[in-house]
Amino acid sequence: MQQQPTHRRLFHLFDHFAGAATRQAGSPVAFALAVFVVLAWAVTGPLFGYSETWQLVINTGTTIVTFLMVFLIQQSQNKDAMAVHLKLNELLASHREASNHLVSIEDLDEEELRQLVKFYRHLAELADEEGDVKCSHSIDEANENHAEKSRVRHARRKPEDNRQASATA
């Protein structure tokens, strides 16, 4: 069995630590502990005459905890976001009627994402015109469905137009 490089092991350990720390930081016990620390600090105010040092203790403590938690929470959010993207990519790739255009769209730049937003707004307008929210499954299929339905509607109107024209003649 091959040994992992040291940096991979450290990353793995940090990943596990960050996940455990963020889960614990969001727990009721952690919240109760934070409330207890703030109350203890507030109660000791009169003992220290509400001095600058007394204020500096809470300010420094909260700054340090906040600074460290930012990195731990960001690591956990990055991992969770990547896992969600992979799950969505798998669903898109495995569903026959889904558009593969959306696989890994998180890698697109902001302008490309805005173009997709415009397209999906257009898709929503087409669905509204068709009156059926279940009618479109993908970008490609939506365009094909809309074109086909338009052709059918147009073909249905032609005989009526011909009948009206012959009735007036």
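**Exercise 1. Classify Y50: is it buried, partly exposed or exposed in this predicted model?**

Step 1. Take the relative accessible area of Y50, which is 48%.
Step 2. Recall the cut-offs: buried is under 20%, exposed is over 50%.
Step 3. Y50 fits neither class, so Y50 is partly exposed.

**Exercise 2. Work out how the rings of Y50 and W54 are arranged.**

Step 1. Count the aromatic pairs: there are four.
Step 2. For Y50 and W54, the ring centres lie 5.2 Å apart. Pairing needs centres within 6.5 Å.
Step 3. The two planes meet at 85°. Planes over 60 degrees apart count as edge-to-face, so the Y50 and W54 pair is edge-to-face.
Step 4. Check the cover on W54. Its relative accessibility is 9%, so W54 counts as buried.
Step 5. Widen the view. W41, Y50 and W54 form one aromatic cluster.

**Exercise 3. Describe the pair formed by F119 and Y120.**

Step 1. The ring centres of F119 and Y120 are 6.2 Å apart.
Step 2. The angle between their planes is 90°, and the pair is edge-to-face.
Step 3. F119 has 23% relative accessibility and counts as partly exposed.
Step 4. Y120 has a relative accessible area of 31% and is partly exposed too.

**Exercise 4. Place D15 and find what it touches.**

Step 1. D15 sits in helix α1.
Step 2. Its relative accessibility is 12%, so D15 counts as buried.
Step 3. Leave out residues up to four places away in sequence. D15 then touches Q75 and K79.
Step 4. Compare chain and space for D15 and K79. They are 64 residues apart along the chain, while their C-alpha atoms are separated by 8.5 Å.

**Exercise 5. Characterise the largest pocket.**

Step 1. The largest pocket holds about 410 Å³ of space.
Step 2. Its lining has 15 residues. Nearest the centre lie A30, L33, A34, V37 and V65.
Step 3. Three elements give two or more residues to this lining: α1 (6–25), α2 (28–43) and α3 (52–94).
Step 4. α2 gives the most, with six residues.
Step 5. Sort the lining by type: eleven residues are nonpolar, four are polar and none are charged.

**Exercise 6. Summarise the whole chain: how many helices and strands does it have?**

Step 1. The protein chain has five helices and zero strands.
Step 2. Of its 169 residues, 17% count as buried.
Step 3. The chain exposes about 13700 Å², with 62% of that supplied by carbon and sulfur atoms.
Step 4. Take the contacts with a separation of 6 or more. Residues 24 or more positions apart account for 41% of them.

Technical notes
Residues numbered from 1 in each chain as written. Predicted model: local features only at pLDDT ≥ 70, side-chain atom pairs only at ≥ 80, totals over all residues. Heavy atoms only, no water. 1 Å grid on protein atoms, 1.4 Å probe; cavity = no way out; pocket = protein on both sides within 12 Å on 5 of 7 lines; lining within 4 Å. Points joined across faces, edges and corners; volume = space filled by probe spheres on them. Helix = DSSP H or I, 4+ residues; strand = E, 2+ residues; numbered from the N terminus. Nonpolar A, V, L, I, M, F, W, Y, C, P; charged D, E, K, R; others polar. Buried < 20%, exposed > 50% of the residue type's maximum accessible area, 1.4 Å probe, protein only. Contact = heavy atoms within 4.5 Å. Areas by Shrake-Rupley, 256 points an atom, 1.4 Å probe, with all protein chains shown as cover. Phe/Tyr/Trp six-rings, centres within 6.5 Å; stacked < 30°, edge-to-face > 60°.
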